[in-house]
Amino acid sequence: MLLVARRSAPEKLAGLWEFPGGKVEPGEEPEAALCRELSEELGIGARLGGELQAEARHGWPLNERASMRVWFAEIVHGEPQPLEDHDELRWVSLDNHDEVLGLPWIPADFPIVRALLAELALPAGKGRS
């Protein structure tokens, strides 16, 4: 299952779906930033697993100045709630590609969704560890 979040702000992104997460603060490691953001935005604690590798070393491009890194994660405490920047959360089945691809994604996240589905479709023993 994939947890996705619908943006409530800014106005140009409101109503579009994205992966939960956020910005890395100066001096903060990306993994620590993701755990902090999941706590602040969704009220959950998470254990991170493997990273969904991007073609670029610095991650998935969001725009000319920013990129995003994506990890598989498991909720270890709390029940996800849309606390900040989102008005709805939804669990979608990764087995139903039409449901996942049919959501109105933030444009920068859509290539990540496709890569995620492709990664999970790899035969056993290939791909993430």
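**Before you look: what "partly exposed" means.** A residue counts as buried under 20% relative accessible area and exposed over 50%, and partly exposed in between. Keep these cut-offs at hand for the views of this predicted model.

**View 1. Arg47 and Glu74 form a salt bridge.** Start with Arg47, whose relative accessible area is 48%, so this residue is partly exposed. Its partner Glu74 has 43%, and therefore Glu74 is partly exposed too. The closest N and O atoms of the two are 3.4 Å apart. Now follow the chain: Arg47 sits in strand 3 (residues 45-52) and Glu74 in strand 6 (residues 70-77). With their positions 27 residues apart, the pair links distant parts of the chain.

**View 2. Glu28 and Arg36 form a salt bridge.** Here the closest N and O atoms lie 2.7 Å apart. Is Glu28 buried or exposed? Its relative accessibility is 18%, which is under 20%, so Glu28 counts as buried.

**View 3. Glu88 meets Arg90 in a salt bridge.** The contact between these two side chains is 3.2 Å, N to O. Glu88 has a relative accessible area of 23% and is therefore partly exposed. Arg90, at 31%, is partly exposed as well.

**View 4. Five residues are joined into one network.** Which residues does the network contain? Look for Glu25, Glu28, Arg36, Glu37 and Glu40, which are connected by salt bridges that share partners. You have already met Glu28 and Arg36 as a salt-bridged pair. For the whole model, the count comes to 10 salt bridges.

How values were computed:
Residues numbered from 1 in each chain as written. Predicted model: local features only at pLDDT ≥ 70, side-chain atom pairs only at ≥ 80, totals over all residues. Heavy atoms only, no water. Salt bridge = Lys/Arg side-chain N within 4 Å of Asp/Glu carboxyl O. Buried < 20%, exposed > 50% of the residue type's maximum accessible area, 1.4 Å probe, protein only. Helix = DSSP H or I, 4+ residues; strand = E, 2+ residues; numbered from the N terminus.
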